Amino acid sequence: MKTLPAVDVVVVGGGWTGLLLAKELGARTSLSVVVLERGGPRKTEDYAAGMDEVDHNLRFAMMQDYSKETATFRHTARDRALPIRQLGNFLPGTGTGGAGEHWGAHCPRYQPDCFELYTRTVEKYGAKRLPEDHAILDWGVTWDEIEPYYTRADKLIGVSGKAGNLRGKLIDGGNIFEGPRSEEYPTPPTKIPYYSTLFSDAAKSLGYHPYPNPGATPSQTYTNPDGVSRPGCVYCGFCDRYGCMIGSKAQPTNTLLPVIEKHKHVSIRTRATVRRIVHGVGRDVAHNAQAAAAIARRARGVTYIDANGEELFQPAEVIVLASWTLNNTRLLLLSNIGEPYDPATGRGAVGRNLTHQILFPAVDAFFDKPLNRFMGSGASGMRISDFDGDVFDHSNLPFLRGGTLGAMGTGYQPVTSFGAVPPSVKFRWGAAWKKAAVEYYDRHGSLSFSGEHLAYKSHYMDLDPTYKDHAGDPLLRLTLDWRDNERKMVEYATTKAVEIAHAMGAREVSSFPGYGHYDVTRYQSTHVQGGTIMGAAPENSVVNPYLQHWQLPNLFILGASTFPQQGSANPTPTILALTYRTADALVDRYLKNPAPLA
Ligand SMILES: Cc1cc2nc3c(=O)[nH]c(=O)nc-3n(C[C@H](O)[C@H](O)[C@H](O)COP(=O)(O)OP(=O)(O)OC[C@H]3O[C@@H](n4cnc5c(N)ncnc54)[C@H](O)[C@@H]3O)c2cc1C
């Protein structure tokens with residue numbers, strides 16, 4: 001295998017996390033940085049030609065190719081896992097910008113107590129209230145430590161919204177249940193679609209506290225602290241699963257690339273698929289025992305396959321894994337770094353605490369008037385947090401934690417949004433269905449619930465013993481199912497949503513049937529967490545609170561794979577905040593003293 005000239009830092013993955021770290025290193029150091037991205041290059045202008053709904057929303061033009069690499073799935077360790085053959089439950093990205101190019105840009109923060117979930121829950125309800133078999137852990141960071149980084153992330157991507165808790169002062173019209181923010185949102189809320197105002201009025205009439213959903217589809221032209229400008233959103237309704245035609249929605253290519261491109265010491269190599277992180281003592285090391293012992297505790301670089309199919313070794317002083325939850329976990333397992341998690345004994349940490357956001361349409365509501373739902377943006381709409389986290393008392397409820405309920409105006413696209421009919425229409429085919437589908441195309445909306453998923457000992461990832469990818473490496477195996485806590489939470493949220501839909505004046509309401517077993521064919525967000533989790537102790541986590549590997553101090557891991565469990569909110573603001581925190585620790589401390597960060 002050919003060895004390339006060494007660089008200071010190699011970053012695996014060119015999505016939000018990898019490119020944010022590369023941007024920070026580019027601006028704040030003179031280190032040579034190479035980003036290896038498995039997909040092709042992308043830039044803002046690529047999206048100007050317009051949107052093809054069939055290509056993007058049905059054929060998933062921007063997503064990972066499952067015919068080359070997928071994961072296998074099973075509900076329990078007793079089952080035989082089978083490959084997920086079609087994109088369904090989540091939609092991983094590929095190419096420069098990763099999933100950050102086709103994300104929806106909702107930008108909520110986690111509840112403050114999410115970061116100390118174990119401690120806070122036991123304090124309030126006692127250890128006996130935790131579900132049997134839970135694997136809930138504190139993160140090793142607190143709200144006060146992460147809040148300034150949330151603010152930097154908000155400013156980077158220009159989040160639009162209205163504060164509901166500014167330094168402890170509650171503000172009507174914002175989310176009064178959010179953690180105290182140090183600053184107002186960088187831009188005011190987006191326009192609120194008509195359908196979302198119906199929700200807002202109804203929720204208020206029932207005593208709830210609606211607020212504009214925060215999003216990185218800015219309400220007006222915004223220039224971030226790096227000097228990068230993006231225009232305000234025009235509400236075309238093509239965000240989620242698309243790149244933005246006008247460069248308004250924050251994406252790595254329109255927010256980070258313009259800065260990275262100014263730094264000649266940072267480069268991005270596309271069509272470069274990393275296969276292993278090389279670590280320990282190699283044949284090229286001198287036979288000096290002391291040097292060998294030190295090198296054994298370091299990562300030495302990565303191997304990758306380039307566009308011509310050639311496998312190359314890229315040596316580096318610092319290795320940053322930023323390839324999204326499943327790939328980060330798989331690369332550690334394939335590289336034999338750390339002990340794989342064993343649910344039978346509880347030993348090992350790599351692969352543990354797999355969680356997936358609870359996301360479902362709690363009701364479908366049908367109205368007797370047009371709702372103009374074709375206008376919207378990925379994140380515009382109204383939400384309530386009255387049932388989020390632990391803001392409501394769970395003493396007499398059959399579940400812990402909760403989530404947020406919203407009426408979003410993400411834009412009704414003609415092909416994929418067509419076909420919903422109320423329960424009174426008995427058939428799902430034929431002339432009567434077609435007539436009703438046309439009538440209700442713009443008279444229909446759903447109320448969606450985003451809920452928190454707890455971690456369990458029996459939900460994890462490991463290498464599949466049977467199935468392999470196109471290059472012959474074992475696929476990642478996911479073991480996951482819903483439990484009673486999630487099922488009861490879903491039931492509770494659905495009842496609340498039905499109540500609100502009726503108060504909105506819906507003619508007919510159909511409610512979500514409930515959670516049975518986890519289903520890989522239903523899309524339920526690409527918010528998948530765990531596998532390389534952060535924590536306060538090396539016994540039960542893979543990285544320390546600065547996302548530095550416990551055993552290999554020159555290896556850093558970014559992204560939601562480091563979340564011990566999931567909060568109800570969409571993860572990217574938390575991911576970006578933690579990436580900024582790692583960038584500070586790397587530049588200000590590690591580079592001066594390359595050792596474990598206390
Ligand atoms: C349809 C959709 C909507 C979403 N909406 C929202 C939202 O509204 N709000 C929110 O907070 N989040 C949302 N997300 C999630 C958000 O996109 C992710 O949280 C975010 O992109 C994660 O950033 P990342 O850098 O960790 O991973 P990614 O963006 O996935 O980037 C990882 C990169 O690593 C590359 N890679 C993987 N394996 C390798 C390898 N072996 N070698 C080299 N490169 C590799 C991939 O090609 C990819 O480009 C959405 C996601 C999707 C798919």
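## A tour from the sheets to the ligand

Begin by selecting Arg 74, which stands opposite Thr 479 of β21. As you look at this pair, keep in mind that the model is a predicted one. Widen the selection to the strands themselves, and you will find β4, residues 71–74, paired with β21, residues 474–479, in the parallel sense over four bridges. Both belong to an open sheet of four strands, whose order is β5-β4-β21-β20 and whose pairing is mixed. To see where this sheet ends, colour β5 (82–83) and β20 (460–468), the edge strands, each of which pairs on one side only. Strands of a sheet pair through backbone hydrogen bonds, either parallel or antiparallel, and the next stop shows the antiparallel arrangement.

Select now the open sheet of six strands, which runs in the order β8-β17-β18-β19-β16-β22 with antiparallel pairing. Its edge strands are β8 (211–212) and β22 (508–511), each pairing on one side only. At the β8 end, two bridges join this strand to β17, residues 381–384, and the two run antiparallel; here Pro 212 stands opposite Met 382 of β17. Add helix α11, residues 484–503, which packs on the sheet and touches β16 (358–366), β17, β18 (403–408), β19 (444–451) and β22. The direction of α11 makes about 25 degrees with that of β16.

Turn next to the ligand and show the 37 residues around it, of which Thr 17, Glu 37, Arg 38, Gly 104 and Thr 572 come nearest. By class, this shell divides into 15 nonpolar, 19 polar and three charged residues. If you colour by secondary structure, α1 (16–28), β12 (273–279) and α12 (572–590) each turn out to supply at least two residues of the shell, and the largest share, three residues, comes from α12.

Which polar side-chain atom lies 3.2 Å from a nitrogen atom of the ligand? Select His 527, whose side chain provides that atom. Two backbone contacts can be displayed beside this one: a backbone N or O atom of Val 274 lies 2.9 Å from a nitrogen atom of the ligand, while a polar backbone atom of Ala 99 is 3.0 Å from one of the ligand's oxygen atoms. To finish, draw the surface of the ligand, which on its own has 1000 Å² of accessible area, and then restore the protein, which covers 98% of that area.

Terms used: Residues numbered from 1 in each chain as written. Predicted model: local features only at pLDDT ≥ 70, side-chain atom pairs only at ≥ 80, totals over all residues. Heavy atoms only, no water. Near = heavy atom within 4 Å. Polar contact = N/O pair within 3.5 Å; in protein donor to acceptor, adjacent residues only side chain to side chain. Areas by Shrake-Rupley, 256 points an atom, 1.4 Å probe, with all protein chains shown as cover. Nonpolar A, V, L, I, M, F, W, Y, C, P; charged D, E, K, R; others polar. Pairing = 2+ DSSP bridges. Contact = heavy atoms within 4.5 Å. Axes fitted to C-alpha atoms, helices over the stretch in contact; angles between N-to-C directions.
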